[in-house]
Amino acid sequence: MARPSMAAQRKEEILDALEACILKYGIQATSLENIAETAGVKRTILRHYIGNRDDIICALSTRLKEKYAQQWQQLLPWLPSKNQVESLIDALFTIGSKEQINNTIVGEAIFSEAKRLPPIKADQEQIMAEFIEIVSGILKAQYPLACEEKIELIAHGVYANYLLSESFLPLTLVDQVHKLKASTKLLCTTLE
């Protein structure tokens, strides 16, 4: 009988190690040696299961994209049937845990590589498109008389405010996050 493949498990361990290295060293200072040491494997294992440093970074970007999609799938059923926009904004603009802050730091580090690595840019475009599509659908349901173009513009504004609020979390700029949340709610009321 053949041994079960360790590929999926190894890949996850390597990506977890990359996240830990980003938090410890920053993305620019993270090397294959750092990743291998953190994962508890030899550098050749990294290449065998994923590839070079850029391949590993791109693989983490894909995992983050999939994670964001899963978060939407978890959040959407939670939204109430009425006042979905306000509930969505409350969910998006939360002051989170250390894990959320770490996820933000890792996400921003990966985003910083988008200009250099086209697969990351494509992942970021997909994340944004999904966000805009979902928020636009929620806005349209609550404001059925609003024009499509205005809904899309408001959804872009919600996304921009959300990204800015996420970047404030590691800096513990709580008041600014609350102001972005309030401005996002105000922005959405322009659809009334």
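Let's start at a small detail: just after helix 2, G40 adopts a positive phi of about 75°. The model we are walking through is a predicted one. Helix 2 itself spans residues 32–39, and its buried residues are L32, N34, I35, A36 and A39. What lies over them? The cover for these buried residues includes helix 1 (7–25), helix 3 (43–49) and helix 4 (53–75).

One of those residues, I35, leads us to the nonpolar cores. I35 belongs to a core of 26 residues, whose members also include A17, L64 and A114. The largest nonpolar core, with 30 residues, lies apart from that one. Within the largest core, the residues touching the most other members are W72, L88, L92, F131, V135 and L139. Helix 4, helix 5, helix 7, helix 8 and helix 9 each give two or more residues to this core. As general background, nonpolar side chains tend to be buried together in soluble globular proteins.

W72 is a good place to pause in the largest core. Which residues does W72 contact, once neighbours within four places in sequence are left aside? They are P77, L88, L92, E130, F131, I134 and V135. Among these partners, L88, L92, F131 and V135 are also on the list of core residues that touch the most other members.

Now for the empty space. Rolling a probe the size of a water molecule over the atoms shows where such space is left. A search of the whole structure turns up one cavity of 30 Å³ or more, and its volume is about 40 Å³. Its lining is made by V85, L88, I89, V135, I138, L139, V158 and C188. Two or more of the lining residues come from helix 5 (84–92), and likewise from helix 7 (118–142). How does this lining divide by residue type? It has eight nonpolar residues, no polar ones and no charged ones. L88, V135 and L139, which line the cavity, are familiar from the largest core.

The largest pocket holds about 900 Å³ of space. There are 27 residues in its lining, and those nearest its centre are Y68, Q71, T104, Y162 and E166. Helix 4, helix 5, helix 6 (98–111), helix 7 and helix 8 (148–168) each supply at least two lining residues, with helix 6 giving the largest share, seven residues. By type, the pocket lining divides into 13 nonpolar, nine polar and five charged residues.

I89, met in the cavity lining, also points us to K181, since leaving aside neighbours within four places in sequence, K181 is in contact with I89, D90 and F93. K181 sits in helix 9 (residues 174–189). Is K181 buried or exposed? K181 is buried, with a relative accessible area of 18%, and the cut-off for buried is under 20%. K181 and T94 are 87 residues apart in sequence, yet their C-alpha atoms are 8.7 Å apart in space.

Finally, let's look at the cysteines. The whole structure contains zero disulfides. Why is C21 not in one? The closest cysteine sulfur to that of C21 belongs to C58 and is 17 Å away, so the two are too far apart for a bond. C21 is also buried, at 0% relative accessibility. C147 is in no disulfide either, and its nearest cysteine sulfur, that of C188, is 14 Å away. With a relative accessible area of 45%, C147 is partly exposed.

Notes. Residues numbered from 1 in each chain as written. Predicted model: local features only at pLDDT ≥ 70, side-chain atom pairs only at ≥ 80, totals over all residues. Heavy atoms only, no water. Buried < 20%, exposed > 50% of the residue type's maximum accessible area, 1.4 Å probe, protein only. Helix = DSSP H or I, 4+ residues; strand = E, 2+ residues; numbered from the N terminus. Contact = heavy atoms within 4.5 Å. 1 Å grid on protein atoms, 1.4 Å probe; cavity = no way out; pocket = protein on both sides within 12 Å on 5 of 7 lines; lining within 4 Å. Points joined across faces, edges and corners; volume = space filled by probe spheres on them. Nonpolar A, V, L, I, M, F, W, Y, C, P; charged D, E, K, R; others polar. Disulfide = S-S within 2.5 Å. Core = buried A, V, L, I, M, F, W, Y, C linked by side-chain atoms within 4.5 Å.
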